[in-house]
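Hi,

Here is the model I promised to pass on. Have a look at it first, and my notes on the sheet and helices follow below.

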Amino acid sequence: MMEEVITVITGTSKGIGEYLAKYYLSKGHIVYGCSRTIPKWIDENTKNYFHYLLDVSDEKSVKKMFSDIRKKHGHLDNLINNAGIASMNHIILTPVNVVDNIINTNFKGTFIFSREAYKLMSKRKYGRLVNFSTIAVPLSLDGEAIYASSKAAINTLSKIMAKEFAESGITVNVVGPTPAHTDLIKNVPDKNISNLLGRQGIHRFTQFEDIVNVIDFYLKPESNFISGQVIYLGGI
């Protein structure tokens, strides 16, 4: 009998997170998800999925989630730090509370989840961490200073974690999508989106399948020599 594969995915109430949760459930994983709202896609027929209502920057709640996983399964295979928020605005017009919210969710949340995942993964010297960045980082997109900066911090954090976690058999990698049809871009003017797509080598939106293709590569047991990498989509 094959050992159960335990995968934690943050931000699973909708969008990319919902897609990833359903995808890895279909692959036979036991999936632990979280969000600040109850996912509408969950019902009594949803098997092998466990949801936690929490803010990813709430250390106490996150620790409780990982404690439950440890008690129930004793190990963790994969962590996908998908949860993220954005706010498009000129720096001069950006309030401090918006900065706090973006940094707390995007960076602090990724840090806490990664640290707690390490504690579980290191016990059997195996694990896969996948974090989310954005093409707003290499393109230095104006109007997205705080969002892009939070993701640039994730890139740096991931590269350092890749080195610090390596002796424990844990890889840490990053995927950087172009715009996808999610809530992150719902308030972005069409003109801005068109300009951005035009700066890509491949002029289209990211599909969820494009993202999972990269994540699958990172999660493979055979990818044990792939760590500290950032893959941007769309020909950036």
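Starting with the sheet: in this predicted model, seven strands form an open sheet in the order 3-2-1-4-5-6-7, and the pairing is parallel. The edges are taken by strand 3 (49–53) and strand 7 (230–232); each has a single partner strand, so one side of each has no neighbour in the sheet. From one strand to the next, the twist averages 15°.

At the strand 3 edge, the partner is strand 2 (residues 30–35), and the two pair in the parallel sense over five bridges. If you want a spot to zoom in on, Ser35 sits opposite Leu53 of strand 3.

Now for what packs on the sheet. Helix 2 (residues 59–73) touches strand 1 (6–10), strand 2 and strand 3, and its direction makes about 165° with that of strand 2. Helix 6 (residues 208–219) lies across strand 4 (78–81), strand 5 (127–132), strand 6 (170–176) and strand 7, running at about 150° to strand 5.

Then there's a helix pair to look at. The axes of helix 3 (residues 96–121) and helix 4 (residues 145–165) come within 9 Å and cross at roughly 15°. That is under 35 degrees, so helix 3 and helix 4 count as roughly parallel to each other. The crossing is right-handed. Residues making the contact include Ile103, Phe107 and Phe111 from helix 3, and Ile154, Leu157 and Met161 from helix 4. By class, this contact has 13 nonpolar, four polar and one charged residues.

Cheers

How values were computed: Residues are numbered from 1 along each chain as its sequence is written. This is a predicted model: local features need pLDDT of at least 70, side-chain atom pairs count only at pLDDT 80 or more; totals for chains, interfaces and linings use all residues. Side-chain values use heavy atoms; hydrogens and water are left out. Axes are lines fitted to C-alpha atoms, for helices over the stretch in contact, and angles run from 0 to 180 degrees between N-to-C directions. Helices (H or I, at least four residues) and strands (E, at least two) are DSSP runs, numbered from the N terminus. Angles under 35 degrees count as roughly parallel, over 145 as roughly antiparallel, 65 to 115 as roughly perpendicular and the rest as oblique. A crossing is left-handed if the near helix is turned anticlockwise from the far one by less than a right angle, and right-handed if clockwise. Contact means heavy atoms within 4.5 Å. Ala, Val, Leu, Ile, Met, Phe, Trp, Tyr, Cys and Pro count as nonpolar, Asp, Glu, Lys and Arg as charged, and the others, Gly among them, as polar. Two strands pair if DSSP finds at least two bridges between them.
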